[in-house]
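Here is a short report on a predicted model. Keep the structure open while reading.

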Amino acid sequence: MHRSTVDLEGILRVLCEREIAFVIVGGAAAVLHGAPTTTQDLDIVPEQSEANLDRLLAALQAHGTLVRDPAGRHLEPSPVALRGRGQMQLLTDLGPLDILCRLHDGRGYEELAQRSVDIDAGDLHLKVLDLPTLIEIKSSTGRVRDRLVVPLLLALLRERESTSQD
């Protein structure tokens, strides 16, 4: 059974246990940075090695993952799509998961990993897009929902900067 709400911890635990290399971006990155916001899915950019994508595909298959299809077709994620440059909007038994091979500006895992921070969430060790880069990306997408969260992220960044100067 597929969930319409995201179990962030559940999906992240599966990805970490299977040793999948990825960077968390989007709303979940904002949440993990402490922004007072919510998210309805998990957005990740996976490392594109064949071994990593094989582990990712196996994890997706183990959780009954389907492509979110407006026409209601029963489409499973394909290895070809995972190795592409686009985005896959998926529905797992742990909730919605979006896999972005590259962001809208062309940046992939290698570029984003250099602009990420490690965040420990309990026993999960996560690579999360850093706050300045998250703000930059959300400011550039042109989507209303991203523009709405930018002021919250800017306030969080200013707060962190003023705290680090004290």
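## The cavity

In this predicted model, a search of the whole structure turns up one cavity of 30 Å³ or more. Two elements, α1 (8-17) and α3 (50-62), each give two or more residues to its lining. The largest share comes from α1, with three residues. The volume of the largest cavity is about 80 Å³.

Which residues line the largest cavity? They are Ile-11, Val-14, Leu-15, Ala-59, Leu-60, His-63, Thr-65, Thr-92, Leu-94 and Leu-97. By class, seven of the lining residues are nonpolar and three are polar. None is charged.

## The largest pocket

The largest pocket has a volume of about 700 Å³. Its lining holds 28 residues. Closest to the pocket centre are Asp-43, Lys-138, Arg-143, Arg-145 and Asp-146.

Several elements take part. At least two lining residues come from each of α2, β4 (87-92), β5 (95-100), α6 and α7. How does the lining of the largest pocket divide by class? Eleven residues are polar, nine are charged and eight are nonpolar. The lining of the largest cavity, by contrast, has no charged residues.

## Helix α6

Helix α6 spans residues 131-140. Its buried residues are Leu-131, Thr-133, Leu-134, Ile-135, Ile-137 and Lys-138. Lys-138 is thus on two lists: it is buried in α6, and it is among the residues closest to the centre of the largest pocket.

What covers the buried residues of α6? The cover includes three helices, α2 (26-32), α5 (109-113) and α7 (144-165), along with strand β7 (124-129). Of these, α2 and α7 also supply at least two residues each to the lining of the largest pocket.

Just after α6 comes Gly-142, with a positive phi of about 85 degrees. Arg-143 is one of the residues closest to the pocket centre.

## The β6–β7 hairpin

Strand β6 covers residues 116-121. It runs antiparallel to β7, and six bridges join the two strands. Within this pairing, Val-117 stands opposite Val-128 in β7.

How many residues lie between the strands of this hairpin? There are two. Gly-122 takes a positive phi near 70 degrees in the hairpin. A positive phi also appears at Gly-142, just after α6. Strand β7 has a further role in the picture: it is part of what covers the buried residues of α6.

How values were computed
Residues are numbered from 1 along each chain as its sequence is written. This is a predicted model: local features need pLDDT of at least 70, side-chain atom pairs count only at pLDDT 80 or more; totals for chains, interfaces and linings use all residues. Side-chain values use heavy atoms; hydrogens and water are left out. Buried means under 20% relative accessible area, exposed over 50%, partly exposed in between (1.4 Å probe, protein chains only). Helices (H or I, at least four residues) and strands (E, at least two) are DSSP runs, numbered from the N terminus. Contact means heavy atoms within 4.5 Å. On a 1 Å grid over the protein atoms alone, a cavity is a set of points where a 1.4 Å probe fits but cannot get out, and a pocket is an open set with protein on both sides within 12 Å along at least five of seven lines; lining residues have an atom within 4 Å of a point. Grid points are joined across faces, edges and corners, and a volume is the space filled by probe spheres set on the points. Ala, Val, Leu, Ile, Met, Phe, Trp, Tyr, Cys and Pro count as nonpolar, Asp, Glu, Lys and Arg as charged, and the others, Gly among them, as polar. Two strands pair if DSSP finds at least two bridges between them.
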